[in-house]
Structures are given as structure tokens and as C-alpha cells.
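Here is a short exchange on how some structural terms are applied, with each value set against its definition.

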Amino acid sequence: MKTIPFFFISLFFISISMVSCQTPKDSTVLVVQGDYTLTKKHLEKHLSDLKGLGGELSEEEIQSEKLLLITMFKEAPEEILASLEETDSIVPSPNSSPNPNPIPNPSPSNLAAGHQKVRTVLGSDIGQMEFDSDKAALFRSYMSNSLLKAGSSRGDNGGGISTNNQIQFCADGSYMEYRSAHLGISVPGMDASSYDEDRIPGYWEVASLPNGTHIVLLYSTHPLMLEDSPNGLLPFPVGQYVQDFVALPNGDGFRRTVNYCN
């Protein structure tokens, strides 16, 4: 089996570690990270978007969403602010929800917030996917605190390009994708190189299918996700998985290690 870059899904490396930040005395500011500021208005916008998708939130859910938003902002402030500006394009109005029907199978009371969010966005549009089967529960446990990696490189004496993709799945149903690419050119009289990286936050959930296939469902309102999936949802099938490898049905896949989210 060979590994391939994670080009067709939104992948994110989340390390919820303490990073340098400061909280000004201004009561409207939640956190400052570098040149970027997350305010209460951003939180209100985030909560409003969630209400548009799944209805009113409890106080416990509000506090959970606040902590999750602050955590993701610390990791990728520019991307988070951009995603909050983009959500109007995919969040339905109360009178025109794309998923008006309730979720067929009630979610377990202890379901993580991120998993619940994905189910809410999907609504009844789940086909043969089973969220609460024993197979899905086992796969969900496997994916929690998993770090998937894939990369590639190609080139010749004149230069080349290498890519690296990682996605960190956390037990709270959030994920962080990390993408990077390095391009190098070396020809007589000229040497040049460039490097680019992106981090994309989102939520994840899994389901099983009657034929034994598992599905990983990713949801994000980040602009890079919306380029490929206008509704912010992207599923990918998993044919088999073992301790250190997740295989797609065609045999390609991703290296897997256990990596706990703090």
C-alpha cells in the first residue's frame, strides 16, 4: 500500500497547547493572537450560525463552543476570522433549511459536541450510513486522538516539489488539518524555492455502511474547504484500518499514530 497526499479532504493538525496570547482589558475582546483579535461579536456570529443549523443551544453547549472557538483561534487566527466571514454562504435561513427533517436516530446523550454538529448539518440526508452501530462506535474510538499523515515528492536534477499533509482528530469531535508544500528550482545560474502552508479547523464524525465500509465525515466553513465542497461537508471512505494505517478502498491511504489532543 502506498500513501497519497490528503488533497481531497480538509485535514488539520491541532495541538491544543498554550501559545503566547494576551487578553486586553476591553471587555469585548476574548483573546488576542499576534495581529488578530477575537471578539464577543465573532463568538455571537459563530453561535448564530450554529443556531441556524440546529436550533437553540443550551448554556453548556454555548460555553463548550466558546472554548472550542478560542482554542482553534489560537492555532489559526487568520483562518478562523476568515471562516466566520464565509459562513453566511452556507448557513441556511430559518425558513429555508436544506435539512428540514430531524435526524432519524437520536444521538447518544454523551455524544461529543463536534460529532453532534456534523450530524446536525447532515440532518436526515444520511442514506445507508449508520452512526450508532457497534462498528461505527469502534471506528470512532479508533479515530479519536489519531494523527493521519501523507506526503509525496517528485522532481529531478532541476528541482522538485514535496507536499506534506496531516490531520489531527480530537475526542471532542474537532480536527485540525495541516497542509504544506515546498517547491525548489535549481538550474545553472538560478536557485529558487518557495514554501506554503495552511491550517484548517473543523469537525468530524464517522459512520458505517452495510457493506463494511466506514465513512469519515468532515465539516468546515474554512474558505479552502468551501472551494471543494460548497456546503462545507466532505466524506471519504475507509476500506480497512489497522493500528498504524488507514486504507482507502483502492488500497491507498494514510499513516496513523496515536496522538492525544491536550
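Q: What area does the protein chain expose, and what share of it do carbon and sulfur atoms supply?
A: In this predicted model, the protein chain exposes about 13,500 Å², of which carbon and sulfur atoms supply 52%; accessible areas come from the Shrake-Rupley method with a 1.4 Å probe. Because the model is predicted, local features need pLDDT of at least 70 and side-chain atom pairs count only at pLDDT 80 or more, while totals for chains, interfaces and linings use all residues. Residues are numbered from 1 along each chain as its sequence is written, and side-chain values use heavy atoms, with hydrogens and water left out.

Q: Why is Glu 205 called buried?
A: Buried means under 20% relative accessible area, with exposed over 50% and partly exposed in between (1.4 Å probe, protein chains only); Glu 205 has 0% relative accessibility and therefore counts as buried. Its place is in strand S6, strands being DSSP runs (E, at least two residues) numbered from the N terminus.

Q: What makes the pairing of the Glu 205 and His 115 side chains a polar contact?
A: A polar contact is a pair of N or O atoms within 3.5 Å, where within protein one must be able to donate a hydrogen and the other to accept it, and residues adjacent in sequence count only if both atoms are side-chain atoms; the side chains of Glu 205 and His 115 make such a contact at 3.5 Å.

Q: Which residues have the most contacts inside the largest nonpolar core?
A: They are Leu 38, Val 118, Leu 122, Met 129 and Leu 217, in a core of 25 residues. H2 gives the most to this core, with six residues.

How values were computed:
A nonpolar core is a set of buried Ala, Val, Leu, Ile, Met, Phe, Trp, Tyr and Cys residues joined through side-chain atoms within 4.5 Å. Helices (H or I, at least four residues) and strands (E, at least two) are DSSP runs, numbered from the N terminus.
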